[in-house]
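Please open the structure in a viewer and keep the sequence at hand. The tour below proceeds by selection, one stop after another.

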Amino acid sequence: MTSTHDKVWYAPKSKLEAFTAETAAEGVVNTLRIVEGRWKLVILFHLFGGKVMRFSELERAIPAISQKMLTQQLRQLESDGVVFRKVYPVVPPRVEYRLTEWGQALCPALDALLKWADQREALQPDTSSQAG
């Protein structure tokens with residue numbers, strides 16, 4: 001089975017609010033908006049586990065992504081509070097990226113989605129024998 005990282009640390013448990021169906025759906029939609037995009041999840045998986053990566057390292061790790069798209073996706077993740085960007089005042093410029101504590105806390109949720117996806121075949125009813 002796939003896992004986002006071998007040594008995952010979890011955020012402390014907090015009190016859950018009482019959700020209605022509408023507020024729960026709205027919350028999930030807002031959360032999915034943060035990780036939607038072709039490359040955001042790939043970037044997150046590269047940064048899980050406390051990894052710190054320079055822009056050029058991310059670029060090499062994801063060869064199919066353009067510089068422009070990588071910059072755009074990283075900036076969106078940064079503005080949403082998932083990724084922290086550190087710029088060093090040197091020439092040539094050195095920029096490092098890492099997940100924020102809140103970004104790292106996303107790891108268990110993605111692990112749960114992977115486990116859910118792995119269960120699909122086992123939990124799907126066999127419809128081929130019911131065809132008449």
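Is Phe-45 buried, partly exposed or exposed? Select Phe-45: with a relative accessible area of 33%, this residue is partly exposed, because the range for that class runs from 20% to 50%. Please bear in mind throughout that the model is predicted.

**The aromatic pair**

Keep Phe-45 selected and add Phe-48. The structure holds one aromatic pair. Its members are Phe-45 and Phe-48, with ring centres 5.6 Å apart and planes at 85°, so the arrangement is edge-to-face. Planes over 60 degrees apart are counted in that class. Phe-48, at 0% relative accessibility, counts as buried, whereas Phe-45 is partly exposed.

**The whole chain**

Now zoom out and colour the chain by secondary structure. Seven helices and three strands are present. Read from the N terminus, their order is α-α-β-α-α-β-β-α-α-α. The chain has 132 residues, of which 24% are buried. If a surface is displayed, it represents about 9800 Å² of exposed area, and carbon and sulfur atoms supply 56% of that area. Among contacts between residues at least 6 apart in sequence, 59% join residues at least 24 apart.

**Helix H2**

Select helix H2, residues 40-47. Which residues of H2 are buried? They are Lys-40, Ile-43, Leu-44 and Leu-47. Turn the view until it looks down the helix axis: the buried residues fall within an arc of 100°, so they line one face of H2. An α-helix has 3.6 residues a turn, so residues three or four places apart point the same way. Following H2 is Gly-49, with a positive phi near 85°. Most residues other than glycine have a negative phi.

**The nonpolar core**

Next, show the side chains of Ile-43, Leu-44, Leu-47 and Tyr-97. These four have the most contacts inside the largest nonpolar core, a group of 23 residues. Two or more residues of this core come from each of helix H1 (21-35), helix H2 (40-47), helix H3 (55-61), helix H4 (67-79), strand E3 (94-99) and helix H6 (107-118). In soluble globular proteins, nonpolar side chains tend to be buried together.

Centre the view on Tyr-97. What is Tyr-97 in contact with, leaving aside its neighbours within four places in sequence? The list comprises Leu-47, Lys-51, Val-52, Met-53, Phe-55, Leu-58, Leu-74, Val-83, Phe-84 and Arg-85.

**Helix H4**

Move to helix H4 and select Gln-73, which lies there. Is Gln-73 buried or exposed? Its relative accessibility is 5%, so Gln-73 counts as buried. Beyond its neighbours within four places in sequence, Gln-73 is in contact with Gly-37, Arg-38, Trp-39, Lys-40 and Ile-43. Lys-40 and Ile-43 were met above among the buried residues of H2.

Met-69 is also found in helix H4. This residue is partly exposed, at a relative accessible area of 30%. Measure from its C-alpha atom to that of Arg-38: the two residues are 31 apart in sequence and 9.5 Å apart in space.

**Helix H1**

Select Arg-33, whose place is in helix H1. Arg-33 is partly exposed, with a relative accessible area of 41%. Apart from neighbours within four places in sequence, Arg-33 is in contact with Lys-40 and Asp-80. Arg-33 and Asp-80 are 47 residues apart along the chain, and 9.9 Å separates their C-alpha atoms.

**Strands E2 and E3**

Finally, turn to strand E2, residues 83-88, and select Lys-86 within it. Lys-86 has a relative accessible area of 39% and is partly exposed. Its contacts, leaving aside neighbours within four places in sequence, are Arg-94, Val-95 and Glu-96. Between the C-alpha atoms of Lys-86 and Val-52 the distance is 9.9 Å, although these positions lie 34 residues apart in sequence terms.

What sits over the ring of Tyr-88? The charged end of Arg-94 does, 3.9 Å from the ring centre. To end the tour, select Pro-92 in the loop between E2 and E3. A cis peptide bond joins Val-91 to Pro-92, with omega about 0°. Most peptide bonds are trans.

Definitions and conventions
Residues numbered from 1 in each chain as written. Predicted model: local features only at pLDDT ≥ 70, side-chain atom pairs only at ≥ 80, totals over all residues. Heavy atoms only, no water. Core = buried A, V, L, I, M, F, W, Y, C linked by side-chain atoms within 4.5 Å. Buried < 20%, exposed > 50% of the residue type's maximum accessible area, 1.4 Å probe, protein only. Helix = DSSP H or I, 4+ residues; strand = E, 2+ residues; numbered from the N terminus. Contact = heavy atoms within 4.5 Å. Phe/Tyr/Trp six-rings, centres within 6.5 Å; stacked < 30°, edge-to-face > 60°. Lys NZ or Arg CZ within 6 Å of the ring centre and 35° of its normal. Areas by Shrake-Rupley, 256 points an atom, 1.4 Å probe, with all protein chains shown as cover. Arc of directions from axis to C-beta.
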